[in-house]
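Please read the following report alongside the sequence and the coordinates. It deals with packing, ring pairs and enclosed space.

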Amino acid sequence: MPRAGRLALVLLALLAGCPREGPTAAQAQDPPRPRSLPAVVVKVVSGDSINVFVNGEVTPVRYIGIAAPAPGEGADGGEPQGREALAFNRALVNQKNVRLEFDVQERDAEGRLLAYVWVGEVLANAEVAGRGYGQVVAAGPNIRYYELLLKRQEEARASRLGIWKNAGPPPPPSRR
């Protein structure tokens with residue numbers, strides 16, 4: 001074997017035995033990205049529920065962390081502001097591409113997906129709360145955006161928007 005060939009084999013053997021570089025220190029410290037799926041909204045059911053086309057089928061989705069008034073159907077007028085919450089959510093997400101971001105628990109007792117619904121850079125859950133069309137609920141163990149949702153709700157309440165239109169003054173801040 002010519003000398004150049006032997007040298008190439010030695011170099012290959014050395015390179016094969018070298019450890020590969022792992023992630024940088026910064027990459028190793030980054031938290032894992034939450035699991036999410038792209039979807040298309042095919043129907044808005046209420047201010048906090050939608051049906052999406054995902055993975056080849058239509059699936060019901062419930063927004064994590066908020067409860068909107070029920071819109072009612074037919075002669076049933078539903079809860080006050082229920083139709084307004086439905087109309088707002090419809091304008092926000094209907095027939096749009098969305099990203100469903102999951103937290104710890106992915107389904108509720110009714111089998112619906114539980115998700116934070118993103119329309120581009122807008123978190124629909126926070127928009128519904130921030131415009132006064134839904135109330136924040138403790139959705140443990142799903143609490144990734146709980147503080148953001150509370151902040152947006154308080155903004156709506158202070159501005160007397162939606163369900164907070166006839167509410168009394170906000171409670172004083174708690175002292176711990």
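The report below takes up a helix, a group of aromatic rings, the spaces inside the fold and two glutamates.

**Helix 3 and its packing**

The structure is a predicted model, and the description starts with helix 3, which covers residues 82-93. At 1.5 Å a residue, the 12 residues of this helix should span 16 Å, and the distance of 17 Å between its end C-alpha atoms agrees with that expectation. The buried residues of helix 3 are G82, A85, L86, F88, N89, L92 and V93. Viewed down the axis of helix 3, these buried residues fall within an arc of 165°, so they line one face of the helix. This arrangement can be read against a general rule: an α-helix has 3.6 residues a turn, so residues three or four places apart point the same way.

The partners of the buried residues of helix 3 are strand 1 (36-44), strand 2 (49-54), strand 3 (57-63), strand 6 (113-119), strand 7 (122-123) and helix 4 (124-130). After helix 3 comes Q95, which has a positive phi, near 60°.

**Aromatic pairs**

A search of the whole structure finds three aromatic pairs, and two of them are set out in the table.

| Pair | Centre to centre | Angle between planes | Geometry |
|---|---|---|---|
| Y116 and Y145 | 4.7 Å | 85° | edge-to-face |
| W118 and Y145 | 5.8 Å | 75° | edge-to-face |

The rings of Y116 and Y145 link distant parts of the chain, since Y116 belongs to strand 6 whereas Y145 sits in the loop between strand 8 (135-136) and helix 5 (146-158), 29 residues apart. W118 also lies in strand 6, and its pair with Y145 therefore ties together parts that are 27 residues apart in sequence. Ring pairs thus link Y116, W118 and Y145 into a cluster. With a relative accessibility of 1%, below the 20% limit for burial, Y116 counts as buried, and W118 and Y145 are buried as well.

**Pocket and cavity**

How much space lies in the largest pocket? The volume there is about 170 Å³, and the lining consists of K43, V44, V45, S46, A70, P71, G72, E73, R83, L86 and R90. Strand 1 and helix 3 each supply at least two residues of this lining, and helix 3 gives the most, with three residues. L86 thus appears both among the buried residues of helix 3 and in the lining of the largest pocket.

The structure holds one cavity of 30 Å³ or more, and the largest cavity contains about 30 Å³ of space. The residues that line the largest cavity are I64, G65, Y116, V137, A139, N142, I143, Y145, Y146 and L149. Y116 and Y145, which line this cavity, are also the partners of the ring pair with centres 4.7 Å apart.

**Two glutamates**

Is E127 buried or exposed? E127, which lies in helix 4, has a relative accessible area of 15% and is buried. Leaving aside residues up to four places away in sequence, E127 touches F88, L92, V122 and R152; F88 and L92 are among the buried residues of helix 3.

E154, in contrast, is found in helix 5 and counts as partly exposed at 35% relative accessibility. E154 and G132 are 22 residues apart in sequence, while their C-alpha atoms are 9.1 Å apart in space.

Key:
Residues numbered from 1 in each chain as written. Predicted model: local features only at pLDDT ≥ 70, side-chain atom pairs only at ≥ 80, totals over all residues. Heavy atoms only, no water. Helix = DSSP H or I, 4+ residues; strand = E, 2+ residues; numbered from the N terminus. Expected span 1.5 Å × (residues − 1). Buried < 20%, exposed > 50% of the residue type's maximum accessible area, 1.4 Å probe, protein only. Arc of directions from axis to C-beta. Contact = heavy atoms within 4.5 Å. Phe/Tyr/Trp six-rings, centres within 6.5 Å; stacked < 30°, edge-to-face > 60°. 1 Å grid on protein atoms, 1.4 Å probe; cavity = no way out; pocket = protein on both sides within 12 Å on 5 of 7 lines; lining within 4 Å. Points joined across faces, edges and corners; volume = space filled by probe spheres on them.
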